[in-house]
Amino acid sequence: MSVPVDIRAVRKVYPSKAGPVDALGPVDLDIASGRFVSLVGPSGCGKSTLLLMLAGLLDITGGEIDVAGRRVDGPLTDVGIVFQGNVLVDWRDVLGNVLLQIEMRGLRRRDYEERARVLLGSVGLQDFLHHHPYELSGGMQQRTAFCRALIHDPPLILMDEPLGALDAMTREQLRGDLERLWMTTRKTVIFVTHSIDEAVQLSDEVVVISPRPGKIVRRVAIGLPRPRTLELRQGAEFQRLVGEIKQIFLGYGVI
Amino acid sequence: MSDMAMEGGSRPWVAETLTPILFGVGCFALWEGVVQLFHVPLYILPPPSAIFTQFVLKLPRIWEYTLVTGQETLVGFAASILLGVPMGLLVAFSPLLRRTFYPLAVTLEMVPKIVFAPVFISWWGLGFLPKIYVVVLVCFFPIMLNGILAFTSLSTELGRFCLSTGAGPLRTFFKVRLPAALPQLFVGIKGAAVNATVGATVAEWIGSDAGLGFYIQQAVGEYRMDIAFAIIFMLAALGLFVFWIVILAERLLIPWHVSQRAPVQGA
């Protein structure tokens, strides 16, 4: 199951000692159900802010956001969120961290244990179920965080630079994992990143956001077939799309 | 696991356990030697052998008073935890208390609280309870202040995760906030454990007819340094015992925390 997202004239203004700071918007964006959409923009453009407002975790200064036709006016709960810093808890093992999502929702741990094992197995963690986060590599921790965001089968996944803190090779592996997970579940995914390569590789559509105050400057449809193999990513069409987006940021002087 | 740790086998045990014991024995031998060599008078610095003799001779009395001081220490310490942790929790989540009680507590923390001991003794007399009050006075603040820190320092992202699950405040507290707070709570509890024996001993010192604090004052008054040192060793053992209880609780409750893991090689 997946849901559509509708963002209308959304703005965010942060108060500060030197007066209000226009962080974002106004932004209009509609996302069809089951799409993988990336928000790409330079640091400080408000893309994470938009994601947090969408999740109902940050007040909206102006405009409105509907998820599955319902107005967002508090924390969304029918959602899975992956943050940049992993938010695993040290006192639980890998399986326990994934099932924390279930326990926090008052659901029965037993009903989801098998599903958790399957999910963790699908990202290669079947032998690490009873390891604690501090015994894992950064990539394994983030894979666990993916599974925790998926265990309750939410129709919407929000990811805030989930690969941002990882080394280049691990990022590459996790992109593959993410694409596979998405292809089997087909949930609506909104993915915040500052990596153009990553956005083009993973998305059905890349939403390009300008420097602060962030506005949508272009929506680039990515029609490439999946899975997006290395061969495809080295091909002319992939490189053309990456180049097109880079050109926009070059125009803003941010790269 | 590094190769170094693997091949070590019995050597880390020797290094970890035997070295401190040998060092301790060496210190005592040096002490004994210096005192004997320079004929230091007994009423100034007794040699370890004399201290040990008195420890054995006076053991019935020392042990009786150890039970008195130990009881004051443990009861006062336990009461401080039972008061300090919930109070820290209340202040952490009540804006009103944070504006009223918190500044008062911080101010009081700056006062050398042991000065209240004679006041308490004069108010409530020489019995057991005023000793408990003094112990609570010196233990409560580190526990409460660290408790406030512990319950307010949940990371923003973990807090957002909790909100996105729709869990209520109670479930969030028991599943996330409380376990996340335990390491910082133990910082306060360990600090208080060190204070606890100090509070009990000084309170006895000021006004009491029993306990190690009372006994040491008597021994020093009679220039019996050998007895005084025997009592000091007993107090050291009592302090270590209280601290050991806390360390044991910490190992049981937060085996996952970084403070409980094996030290990093070479760090």
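Student: What makes chain B differ from a compact globule of 267 residues?

Tutor: A globule of that length would have a radius of gyration near 18 Å, but chain B has 23 Å. The radius is taken over C-alpha atoms, and the globule rule is 2.2 Å times the number of residues to the power 0.38. Along its principal axes, the C-alpha trace of chain B spans about 75 × 65 × 30 Å. Keep in mind that this is a predicted model, where local features need pLDDT of at least 70, side-chain atom pairs count only at pLDDT 80 or more, and totals for chains, interfaces and linings use all residues. Residues are numbered from 1 along each chain as its sequence is written, while chains are lettered from A and ligands numbered from 1 in the order in which they are written.

Student: How many helices and strands does chain B have?

Tutor: Chain B comes to 11 helices and zero strands. Helices (H or I, at least four residues) and strands (E, at least two) are DSSP runs, numbered from the N terminus.

Student: Why is helix H1 of chain A called mostly covered?

Tutor: Eight of its eight residues, 47-54, are buried. That label needs 20 or more other C-beta atoms within 10 Å of a residue's own (12 or fewer is exposed, in between is partly exposed; C-beta atoms are placed from the backbone). Among those that pass are A:Lys47 and A:Leu54. In chain B, 32% of the 267 residues count as buried.

Student: What does H1(A) lie across?

Tutor: H1(A) lies across E1, E2 and E4 of chain A, at about 120° to E1(A). Axes are lines fitted to C-alpha atoms, for helices over the stretch in contact (C-beta atoms, placed from the backbone, within 7 Å), and angles run from 0 to 180 degrees between N-to-C directions.

Student: How do you know that E1(A) and E4(A) pair?

Tutor: DSSP must find at least two bridges between two strands. Here five bridges join E1 (residues 5-14) to E4 (residues 62-67), running antiparallel, so the pair qualifies. One of the bridges sets A:Arg11 opposite A:Gly62 in E4(A).

Student: Why are E2 and E5 of chain A at the edges?

Tutor: The open sheet has the order E2-E1-E4-E5, with antiparallel pairing. E2 (21-31) and E5 (70-71) each have a single partner strand, so one side of each is left without a neighbour in the sheet.

Student: What makes E9 and E10 of chain A a pair?

Tutor: Five bridges, in the antiparallel sense, link residues 205-209 with 216-221. The two strands form a hairpin with six residues between them, and A:Val207 stands opposite A:Arg219.

Terms used: Contact = placed C-beta atoms within 7 Å.
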